[in-house]
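Work through the exercises below with the sequence and coordinates open. Each task is followed by a stepwise solution.

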Amino acid sequence: TVFLLHDIPATPTVGDGDVGAVDLEAESQTLTGAPGDSLAGAGDLGTIAVVGSTGGDDNDEGEYIVSSVAVDVDKSYVILNDPTFGTLAVPGATIRYTVIVTVTGTGTADNLVVTDGIPTDTIYVGGTLTLGGAPLTDLGDLDAGEHDAGAGANGEVSVDLGNVAGGSPAQTITFDAQIDPS
């Protein structure tokens with residue numbers, strides 16, 4: 001088995017979906033020639049080396065497709081209510097954060113995890129984390145979501161989106177935080 005590392009030139013020279021060709025040629029260090037030829041002392045530990053069925057050299061060609069992937073993350077918020085039943089950013093008001101993750105290109109974003117710190121002077125509202133409108137638990141368990149109260153100054157939420165192929169539907173994450181009422 002031979003592993004070949006091939007550099008892809010930077011864009012705009014090569015674009016998404018372009019095909020690259022690789023030609024690998026290999027030649028025996030010992031000898032080449034007609035299959036069955038032998039050379040005394042040329043093998044391991046001074047043994048006789050015998051030319052194999054390919055004549056001691058071979059070549060092969062392969063192709064690869066260039067693929068790219070881009071991840072776009074947009075975050076917005078809306079104030080749901082304040083203590084006076086309005087929508088002012090005052091102590092005690094609840095803010096809903098929406099994070100939309102879009103993956104474009106022909107590749108795949110592997111092991112994509114979105115982590116967002118809880119903003120300063122706010123407190124995470126437990127049980128509000130969702131993915132695509134479906135509730136997630138706040139615990140680091142079997143579902144995709146987690147609230148880590150010990151991370152950073154105010155904690156953070158994380159959602160594991162897994163492997164996301166370019167062109168997949170956008171992923172929407174929401175969570176609530178309350179402006180510190182003190």
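The exercises cover salt bridges, a cavity and a surface patch.

The model is predicted, so local features need pLDDT of at least 70 and side-chain atom pairs count only at pLDDT 80 or more, while totals for chains, interfaces and linings use all residues. Residues are numbered from 1 along each chain as its sequence is written, and side-chain values use heavy atoms, with hydrogens and water left out.

**Exercise 1.** Find the salt bridges and state where each partner lies.

Step 1. The criterion is a side-chain nitrogen of Lys or Arg within 4 Å of a carboxyl oxygen of Asp or Glu. By this rule the count is 2.

Step 2. One pair is K75 and D116, with N to O at 2.7 Å. K75 belongs to strand β5 (residues 69–81) and D116 to strand β7, so the contact ties together parts 41 residues apart in sequence. Strands here are DSSP runs of E with at least two residues, numbered from the N terminus.

Step 3. Classify burial by relative accessible area: buried is under 20%, exposed over 50%, partly exposed in between (1.4 Å probe, protein chains only). K75 is partly exposed at 40%, and D116 is buried at 16%.

Step 4. D176 and R96 form a salt bridge too, their closest N and O atoms being 2.7 Å apart. This pair links strand β13 (D176) with strand β6 (residues 94–105, R96), 80 residues apart. D176 is buried at 5%, whereas R96 is partly exposed at 32%.

**Exercise 2.** Describe the largest cavity by volume and lining.

Step 1. A cavity is a set of points on a 1 Å grid over the protein atoms alone where a 1.4 Å probe fits but cannot get out; lining residues have an atom within 4 Å of a point. Volume is the space filled by probe spheres set on the points, which are joined across faces, edges and corners.

Step 2. The search of the whole structure returns 1 cavity of 30 Å³ or more. The largest cavity holds about 40 Å³.

Step 3. Its lining consists of V99, V114, D116, L129, V157, S158, V159, I173 and F175. Two or more of these residues come from each of β7 (108–117), β12 (156–165) and β13 (171–179). β12 gives the most, with 3 residues.

Step 4. By class, the lining has 7 nonpolar, 1 polar and 1 charged residue.

**Exercise 3.** Where is V2 in the chain, and is V2 buried or exposed?

Step 1. V2 is in the segment before β1 (19–27).

Step 2. V2 is exposed, at 63% relative accessible area.

How values were computed
Helices (H or I, at least four residues) and strands (E, at least two) are DSSP runs, numbered from the N terminus. On a 1 Å grid over the protein atoms alone, a cavity is a set of points where a 1.4 Å probe fits but cannot get out, and a pocket is an open set with protein on both sides within 12 Å along at least five of seven lines; lining residues have an atom within 4 Å of a point. Ala, Val, Leu, Ile, Met, Phe, Trp, Tyr, Cys and Pro count as nonpolar, Asp, Glu, Lys and Arg as charged, and the others, Gly among them, as polar.
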